[in-house]
Every structure is written in C-alpha cells, then in structure tokens.
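Welcome to this guided tour! Please open your viewer, keep the selection tool at hand, and follow along stop by stop.

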Amino acid sequence: MAEPIGIQIRNLYKIFGPDAAALIEKVRTGTTKTELNEKYGAVLGLNNINMDMAAGQIQVIMGLSGSGKSTLIRHINRLIDPTAGEVLVGGDDVVKMSPEALREFRRHKTAMVFQKFALLPNRTVLENTGYGLEVQGVPREKRIETSMRWIERVGLKGFEKKYPNQLSGGMQQRVGLARALSNDAPILLMDEAFSALDPLIRVDMQSVLLDLQKEIRKTIVFITHDLDEALRLGDSIAILRDGEIIQMGSSQDIVLKPANDYIANFVREVNRGRVIHVEKAMSPLRADTALPAASVAAGTSLDDAMKHLVARGADRLTVTDGQNRPLGVIDSATIVAALVGGV
Amino acid sequence: MEFLSKFPQMDDALLRDLKKAIDESFRGFTRAYGDALEAFFEPLRLFLVYAERFVTNTPWIVIFLLIMAIAWFGSRNWKIVVGAAVTLLLIGYFGMWEDTMKTISMIFVCTVISIAIGIPLGIAMARWNRMQAIINPVLDVMQTMPSFVYLIPVVMLLGIGKVPGLIAVVIYAMPPIIRLTNLGIRLVDADMLEAADAFGSNGWQKLTKVQLPLALPTIMAGINQTIMMALAMVVIASMIGVQGLGQPVLRAISNQYFTLGVFNGFAIVGIAIIFDRVSQAFGKRLQKHTEVVHG
C-alpha cells in the first residue's frame, strides 16, 4: 500500500481567457470576477486558493455549479494548468513538472473517478479496471490479478466480462472506482463521482467509499455540490464560491458556525442530528454534577444519543472520552434544543 | 458596347501561348522523370500482378471457398454467405468468372492502399487543425475533379496499364476513408480523453487505446464507402487498360451490345453488394458491446 501523502495548494489562480497572465496582477490587486469579465472578457476560475489537505483524509470541496470546484480538482493532477500558484504533492510542485514527469506522476501518484464514469464502452469491466495498469506497462497476469481483487472489493464479482453498457449507473461507477483503486496511487481524486447516481445508490456508494477508506487510507479529494454528501464523507470540508474558498473546517464547524449567510442558508436544510456530536451540545462537568449511569462516547451523533436515551428509558447521559472518563452530561432537552438550532 | 456584350477575356494568342507553355513544360517533365516514376511505382505494379495471378491461376473452387470463408468470418450470418454464393455462382455460370476475379483483385489492392494511406492521413488531420485545413480542399478536388482530367497526366507519365488505373481509382476512392477517420477521432468524447490523460496515457496510448477503438465504427463506414467508390471506377479505369468487368462494358458501349453491358453491369452490382453486406456486418459485429443496453 502506498504511503499517504498530503497536498498543499499555495496562491493558486486560474483565469480563463486570452492574455490571462497579464490579468493576474489585476486580480491580485482586487479586480472582481464581474469586473474582469466585463472589462477584459476573461473568466476568473480560481482566486487565490490556499489549502492544506492532510494525508490519508477525505477532503471534500463543496460548491454549486460554476464555483470552480471541478477546475480546482483538475489542478491537482494538472489536467488544467494554473495561471499562477503552486500545487505541492509530497513536496513536489506539480505545476513545474515536465510532461514526462507529469505523466509518471499521474500514473503512480494519482487516480481519478469521474462524474460521467468515462469508461471505455468497447472494453469489459475487467479491461476497464486494468486501464491504469496497462498504461503503466504492468504485465497482463499481474494486471488481471490486481483488477480482479478490486472488482471483487467493490462488489462486482461475476460482472468482469460485462460491458459498461450492460451495467446500471451505480455499477458503472463501481467500475470507475475499481479502476482508480487498481492504480494503488496515494491520492484519489473524485470529481462529483456520485452526483449522477440515484439518491439511494448514492448513499450506498458513500458507504462503500467510507468502508474502503478505513482500509486504504488514501488522501481523497472529493468534489460535490451536495452538502449532505459533503458532511457525511468529509474529514474536512472546503466551501467554494465564485472561485474563492469561503469556509474551511470539519462538518461540525460548518453546521455550527457557518461563516456567512450563504453557508447558513445551505446548512438550514441539513439533518443536524446526524452531523452534531454530543460533546458539542453537552454541558461541561461541574464539581456538583451527578453522573448518570448511562453513557455515550464522544463522537456519537445526537441522533444516536437520542436513540440511546429512548432505549435506556433514561433522561440524561454521561459523555465519555476514549478512556471512559466523563467529559460532560447531556439531557434530552439539550439534544432537542441542539437539533432545532439552539447550540 | 463590346465591353458589355462580350466578357473581357485574356487575349487569344496569349491564352494559347500559356496553354502551350504549360503543356510543353509538363511534357518535358514527363520525358525527364517518367522512367524514374515508373520505377518508383514498380512495387505497386508487382503487387497488382501477383494479386491478379493469385485469383486467376488458383482453381476457381478454391477461390470460391475462400470468399465464402471470408464472408462467413466477416459477417457470421448465413444469409449473407448464401447470398454471396448464389451471386458468385451466377456470375460464373454467365461466363464472367475471370473478369470478376480480375476486378476483385484490383479492388482489393486499391482498398488496401487507400486504407494504408488514408488512415494515417485521417489521424494527422484529426491531430492538427492546420493539417485539416490543408488536406480538406485537396480532398474536395479529388472527389469533384472529373476523373478523365487527372487520367491525362497519369497516362502521360506512366502510360497505359495497371498502375495508372490504380492511381486513378485510389484518388477517387480514398477521400471517404480519410474524412471519416478524421471525423471519427474528432467525435471521441472529451471525457474519455480526459480520463486517458488522468491515468497518464502518452499520445500513442491515447491514440491506440482510446481514439482509434472509439472511432472504429466511423472508420469502418469509411472503408465501406471506399470499396463502393472503387467499384464505381472500374469502367473508367478500364479505359486506360485495367482488365476486368470494365472492359466488356466499354466494348458494349462502343458497339451497342446491350446484353453484354447489362450482364457485366449486374456482375459489378453483385460483387458491390457482397462487399457492402460483408463489410457492414463485420463493422457491426465489432460494435457488439454497444447493443446490449442496461434496461
């Protein structure tokens, strides 16, 4: 298994249009997206992006269409060249790589899953899965062995001789995932990978991914326009709007402390019970607090804590840390208050 | 008022001199380089001669079975094979076996050469827009220029025979394969190319693993068109000495032999239909994976 590596993005700008390099100073000194478009006919794709993506974590980048999220992910493997800035992967700047070095980088360091699957229709599931390895020049035997392992792992055993056309959308994207995983690259780029799927299948695929991630520990960059998906998958979430990052943080941060009205608007529709953890809502211990016998671990969602309360017929719970030490106390009234937005 | 009633054209004497000068310089070129050009095309002539000898010297039953085998492995459709068998047997029974074989060998060589030149050209056109801008008008000329016009210089250079016939046929038949290869590659989904890039494919891998396989149905349509157009040129090629079904047609025209013309004409139609059905069925079979759609 490849060691996970982190990604750092430094002062990244992307301007679409002729003469982009000349416009970069204008953007740096505060020309807005609208002005740039009206005066120079250029489109500001990304505006001064700075991000640290931790190794082995799922970094979600969320935004609506036109926010620049797909542009951003394509800078990580340089499918799009930036106008200015650095993309550091394991200390190497992707932007400065020669075409050969970039090809090697794409073959061994990154793998990508696409919104529209991008499977070759003339190849079977097995041949599609082995594409990355084929390009690397891995011998056939080894290719089939690795592909078969991942086909099995994503739940497509028995389908390896089928063509993409014979599979449902969800199954096709499992092939896309298996193809990316076969590469054994430390970085997995997922560009709206589940957006084209039905809601139920989408949730199913999210579970597949979370489940896999426990084992593979890759640095996953996941693009989505769906906040629920972002909150469910992301160890860390960045919200993008008009090419700028407007908030970065964990799902708790986003839901509990939205940086502005734009994000607050999104968050309003979120199922808070699933996102907020008990320790964010509990009352801290005081000297005179009586500890209830029933307890939950920190990191439990409010939904689960509520189920706990009902099951035990209790009214209060002790919140404990990893070593079973009490951290605080939570009661049903506090949980309900947190659920309706009172925290 | 003469200015209005008569188009202001070049002075007659000047025009005559111009034509004469061009003709003479071309004749000079012919004299100087005719032999060299003939030597250059010698391998092509040998290819034609061997192909023709193969189909005419081999016992007819062997050739017949060979064609049936090709039809079967190409189409996997017994209706097409039976149709081809009946057509060929009728052609033979009406005394046109030898001429038909000569025509088939000629068409075979022309198609091979058209593919060998056309597909690389089509790929180059798809790859470089400048290449497309240059080649497209050339293809327009090749397709619309009356073939008699380019037969004149070809015959002046190479005389009468197989090679000039081949050149005339290839000029006429090659444009579809070039155009459709170009089109097929350009129609490949950008998403596919992006995926190929994302996995680190180099240019050659992208071409052979993504672009050509995905363009194949269109390229096959081009090959089919090339074969059909080559057959359409058989009679014209016979005017400069290409043997085969065109020769009797030509004789029928000049002597008003109605039946001779009709028989040989239908023989051409017959082999055209065989080629068309087999090559189309083959193209479809290559695309089998697109038929079974997930319900």
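Before the first stop, one definition: two strands are said to pair if DSSP finds at least two bridges between them. Keep in mind, too, that this is a predicted model.

**Stop 1: strands β11, β13 and β14 of chain A**

Select residues 283–284 and 326–331 of chain A. These are strands β11(A) and β14(A), and they pair in the antiparallel sense over two bridges. Click on Pro284(A): its bridge partner in β14(A) is Gly328(A).

Now add residues 316–320 of chain A, which form strand β13(A). Five bridges join β13(A) to β14(A), and these two strands run antiparallel. Which residue of β14(A) does Arg316(A) stand opposite? It is Asp331(A). Next, look at the hairpin that β13(A) and β14(A) make, with five residues between the strands. There you will find Asn324(A), which takes a positive phi near 70°.

**Stop 2: the domains of chain A**

Color chain A by its domain assignment: domain 1 covers 7–109 + 185–270, and domain 2 covers 274–339. The C-alpha centres of domain 1 and domain 2 of chain A are 35 Å apart. Where they touch, domain 1 of chain A gives six residues and domain 2 of chain A gives four residues. Select helix α11(A), residues 251–256, to see the element that gives the most to the domain 1 side, with four residues. By class, that side of domain 1 has four nonpolar, two polar and no charged residues.

**Stop 3: the six-stranded sheet**

Stay in chain A and show the strands of the open sheet, whose order is β6-β7-β8-β3-β9-β10. The pairing among these six strands is mixed. Why do β6(A) and β10(A) each have one side without a neighbour in the sheet? Both strands, β6 (110–113) and β10 (244–249), stand at the edges with a single partner strand each, so one side is left free of a neighbour. On average, neighbouring strands here are turned by 20° against each other, direction ignored.

Zoom in on β7(A), residues 187–191, and β8(A), residues 219–224: five bridges join them, and they run parallel. One residue to click is Asp191(A), whose bridge partner in β8(A) is Ile223(A).

Now add two helices. Helix α8(A), residues 169–182, packs on the sheet and touches β6 and β7 of chain A. The direction of α8(A) makes about 175° with that of β6(A). Helix α3(A), residues 69–76, lies across β3, β6, β7, β8 and β9 of chain A, running at about 155° to β8(A).

**Stop 4: where chain A meets chain B**

Show both chains together. How many residues does each chain bring to the contact? Chain A brings 21 residues and chain B brings 19 residues. On the chain A side, select α4 (99–108) and α6 (131–136), the elements that give two or more residues. The largest share, four residues, comes from α4(A). This side of chain A divides into ten nonpolar, six polar and five charged residues.

**Stop 5: two helices of chain B**

Finally, select residues 203–232 and 258–286 of chain B, which are helices α11(B) and α14(B). They pack at an angle of about 175°, with axes 10 Å apart. An angle over 145 degrees counts as roughly antiparallel, and α11(B) and α14(B) are therefore roughly antiparallel to each other. Among the contact residues are Leu216(B) and Met220(B) of α11(B), and Phe275(B) and Leu286(B) of α14(B). By class, this contact has twelve nonpolar, four polar and one charged residues.

Key. Residues numbered from 1 in each chain as written. Chains lettered and ligands numbered in written order. Predicted model: local features only at pLDDT ≥ 70, side-chain atom pairs only at ≥ 80, totals over all residues. Axes fitted to C-alpha atoms, helices over the stretch in contact; angles between N-to-C directions. Contact = placed C-beta atoms within 7 Å. Nonpolar A, V, L, I, M, F, W, Y, C, P; charged D, E, K, R; others polar. Parallel < 35°, antiparallel > 145°, perpendicular 65-115°, else oblique. Domains from an automatic or database assignment.
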